[in-house]
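Colleague: I am new to this structure and should like to understand the terms applied to it. Could we go through them in turn?

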Amino acid sequence: MPLLGVAIVAGFYFLVGGRVFCSWVCPVNMITDAAHWLRERLGIRGGARFSRNLRYWMLGMVLLLSAVTGTMAYEMFNPVSILHRGIIFGVGLAWSVVIAIFLFDFLVAKRGWCTHLCPMGGLYSVIGRYSLLKIAADKREACNDCMDCFIVCPEPQVIKPALKGAKKGLSPVILASECTNCGRCIDVCSEDVFSFGTRFNKYEKLGSEIGSAQKV
């Protein structure tokens with residue numbers, strides 16, 4: 001039964017986009033969003049830079065530790081479980097971890113935990129690598145370079161290939177597994193460039209755009 005539950009959850013997030021968990025479900029967002037809000041209000045800019053691959057190293061480390069020890073060591077590093085334990089059992093080590101995540105995002109790196117370190121983010125990124133639901137820059141030719149989508153996106157590096165890749169023959173679909181399918185780019189875009197769709201609608205649009213580019 002536990003394996004069936006894992007399969008159902010993994011299958012669901014595989015279909016809708018793995019990191020949609022990060023943007024729509026994860027309760028730690030309350031902590032990281034609060035840190036981001038405070039940074040913005042105090043005008044704090046910049047911060048430490050880390051490799052985005054760190055999350056995958058974190059994921060590998062906790063899975064290896066679980067395999068070696070034969071325990072659910074993963075839950076020791078799962079911030080969602082840590083937050084739940086803090087709420088249920090009150091003040092303790094769990095809240096120390098929550099405070100540490102807040103201070104890390106506030107003082108060290110902008111959205112640092114979610115974009116660089118969280119092992120759950122790495123797990124759902126792997127699950128959603130070939131997921132069905134994707135965001136696409138369907139009307140990328142209407143982009144006015146306002147940069148609003150890059151500002152609001154928690155993973156702005158995923159936007160450029162889809163938005164600016166027509167001349168290179170790149171798909172308008174955001175295929176990067178790091179995309180959280182949060183839809184912020186859709187909400188903020190005044191030109192309605194972005195929309196939700198499937199990963200398969202890229203082929204028809206891509207062919208028409210390449211043809212248009214060649215005529216120019």
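Modeller: The following exchange takes up single residues, a surface patch and two pockets of this predicted model.

Colleague: Why is Ala35 called buried or exposed, whichever applies?

Modeller: Ala35 is a residue of helix H3. Its relative accessible area is 0%. Buried means under 20%, and therefore Ala35 is classed as buried. The C-alpha atom of Ala35 is separated by 5.7 Å from that of Phe102, although the two residues are 67 residues apart along the chain.

Colleague: How do you know whether Tyr130 is buried or exposed?

Modeller: Tyr130 has a relative accessibility of 54%. The term exposed requires over 50%, so Tyr130 counts as exposed. Tyr130 is found in the loop between helix H9 (119-127) and strand S1 (133-136).

Colleague: Which residues make the nonpolar surface patch that includes Tyr130?

Modeller: Phe14, Leu15, Tyr130, Leu132 and Phe200 make this patch, which covers about 520 Å². A residue of a patch must have over 30% relative accessible area; Tyr130, at 54%, therefore satisfies that condition.

Colleague: What is the phi of Arg111, and where does Arg111 lie?

Modeller: Phi of Arg111 is near 50 degrees, a positive value in a residue other than glycine. Most residues other than glycine have a negative phi. Arg111 lies in the loop between helix H7 (93-108) and helix H8. With a relative accessible area of 15%, under the limit of 20%, Arg111 is therefore buried.

Colleague: What makes Met147 partly exposed?

Modeller: Its relative accessibility is 43%. That value falls between the limits of 20% and 50%, so Met147 counts as partly exposed. Met147 is found in the loop between S1 and H10, and has a positive phi of about 70 degrees although it is not a glycine.

Colleague: What lines the largest pocket?

Modeller: The largest pocket holds about 530 Å³ of space and is lined by 21 residues. Arg49, Arg52, Lys110, His116 and Pro156 lie nearest its centre. H10 provides the largest share of the lining, 3 residues. By class, the lining has 10 nonpolar, 4 polar and 7 charged residues.

Colleague: How many nonpolar, polar and charged residues line the second largest pocket?

Modeller: The lining of the second largest pocket has 13 nonpolar, 2 polar and no charged residues. This pocket has a volume of about 380 Å³. Val6, Val9, Tyr74, Leu123 and Tyr124 lie nearest its centre. Tyr counts as nonpolar, so Tyr74 and Tyr124 belong to the nonpolar class.

How values were computed. Residues numbered from 1 in each chain as written. Predicted model: local features only at pLDDT ≥ 70, side-chain atom pairs only at ≥ 80, totals over all residues. Heavy atoms only, no water. Patch = residues over 30% accessible without salt bridge, like charges linked within 9 Å, V, L, I, M, F, W, Y side chains within 5 Å. Areas by Shrake-Rupley, 256 points an atom, 1.4 Å probe, with all protein chains shown as cover. Salt bridge = Lys/Arg side-chain N within 4 Å of Asp/Glu carboxyl O. Helix = DSSP H or I, 4+ residues; strand = E, 2+ residues; numbered from the N terminus. Buried < 20%, exposed > 50% of the residue type's maximum accessible area, 1.4 Å probe, protein only. 1 Å grid on protein atoms, 1.4 Å probe; cavity = no way out; pocket = protein on both sides within 12 Å on 5 of 7 lines; lining within 4 Å. Points joined across faces, edges and corners; volume = space filled by probe spheres on them.
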